Amino acid sequence: MSASFKIREIDPDEYSEIEKIFEAQGLENNKSGVTILKGYAVETGDELIGGAEIMLQDGEYTFSVAVDDDFKILGIGKSLFKMVKKEILSLGTTRIMIQAKTPKYWAKFGFVEVVDLNDVPKTFRCDDCPQYGKDCFPKIMILSL
Ligand SMILES: CC(C)(COP(=O)(O)OP(=O)(O)OC[C@H]1O[C@@H](n2cnc3c(N)ncnc32)[C@H](O)[C@@H]1OP(=O)(O)O)[C@@H](O)C(=O)NCCC(=O)NCCS
């Protein structure tokens with residue numbers, strides 16, 4: 001399928017709509033201790049088909065992105081990440097940390113796996129999650145900016 005899409009920054013009262021897409025795509029939505037700094041929606045016509053949130057978690061800049069199944073592999077994730085990276089760069093940080101469910105995807109953008117988990121804040125670690133290693137195999141990854 002091909003589609004034209006647009007990405008726009010959203011207001012905080014719209015975050016819950018994109019978080020529904022995150023949840024449908026299997027991303028956790030535990031926002032405790034997390035500050036959402038910015039959100040983006042992807043739309044084709046009136047239809048919401050993806051989104052992103054930039055967050056500050058345990059002193060680390062991070063983000064979530066998700067794209068609806070019908071609109072994957074069209075470059076939407078890539079376009080979202082471009083905006084997210086530009087915005088995070090403007091905040092003056094030197095790195096982005098993620099809990100990557102699709103590590104091969106993020107490696108394409110320069111993220112590398114963190115080998116020593118002692119360097120990772122507790123809230124980023126998944127080892128005490130019941131899903132970890134069963135049906136979820138995330139890697140903690142960092143992009144140095
Ligand atoms: C991961 C996700 C955001 C990718 O979005 P997308 O719009 O389908 O990806 P894009 O079209 O931008 O893909 C860009 C490139 O990555 C490749 N790619 C896409 N998904 C991939 C994956 N899971 N693993 C490896 N490569 C992948 C594409 O083939 C494309 O390659 P190319 O540049 O050589 O043509 C989307 O699959 C998704 O929402 N997944 C579920 C939620 C999720 O895991 N979010 C990330 C949390 S860490």
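Twenty residues surround the ligand in this predicted model, and those that come nearest are Val 67, Ile 73, Gly 75, Gly 77 and Lys 78. The ligand takes up the space of the largest pocket. Let's look at what surrounds the ligand, and then at two residues with a special backbone angle.

**Around the ligand**
- Strand E4 (60-67), helix H2 (76-90), strand E5 (95-100) and helix H3 (103-107) each give two or more residues to the shell around the ligand.
- By type, the shell holds 10 nonpolar residues, five polar ones and five charged ones.

**Polar atoms facing the ligand**
- A nitrogen atom of the ligand lies 2.9 Å from a backbone N or O atom of Val 65.
- A polar backbone atom of Leu 74 is 3.2 Å from an oxygen atom of the ligand.
- For Ile 76, a backbone N or O atom lies 3.5 Å from an oxygen atom of the ligand.
- On its own the ligand has 910 Å² of accessible area, and the protein covers 74% of that.

**Two residues with positive phi**
- Most residues other than glycine have a negative phi.
- Asp 58 has a positive phi, near 55 degrees, and sits in the loop between strand E3 (47-57) and E4.
- Asp 58 counts as partly exposed because its relative accessibility is 43%, which falls between the cut-offs of 20% and 50%.
- Ile 73 also has a positive phi, near 60 degrees, and is found in the loop between E4 and H2.
- With a relative accessible area of 84%, Ile 73 is exposed, because exposed means over 50%.
- Ile 73 links both topics: this residue is among those that come nearest to the ligand, and its phi is positive.

Conventions
Residues are numbered from 1 along each chain as its sequence is written. This is a predicted model: local features need pLDDT of at least 70, side-chain atom pairs count only at pLDDT 80 or more; totals for chains, interfaces and linings use all residues. Side-chain values use heavy atoms; hydrogens and water are left out. A residue is near a molecule or strand if one of its heavy atoms lies within 4 Å of it. A polar contact is a pair of N or O atoms within 3.5 Å; within protein, one must be able to donate a hydrogen and the other to accept it, and residues adjacent in sequence count only if both atoms are side-chain atoms. Accessible areas come from the Shrake-Rupley method with a 1.4 Å probe; for residues, only the protein chains shown count as cover. On a 1 Å grid over the protein atoms alone, a cavity is a set of points where a 1.4 Å probe fits but cannot get out, and a pocket is an open set with protein on both sides within 12 Å along at least five of seven lines; lining residues have an atom within 4 Å of a point. A molecule sits in a cavity or pocket if more than half of its atoms lie within 2 Å of its grid points. Helices (H or I, at least four residues) and strands (E, at least two) are DSSP runs, numbered from the N terminus. Ala, Val, Leu, Ile, Met, Phe, Trp, Tyr, Cys and Pro count as nonpolar, Asp, Glu, Lys and Arg as charged, and the others, Gly among them, as polar. Buried means under 20% relative accessible area, exposed over 50%, partly exposed in between (1.4 Å probe, protein chains only).
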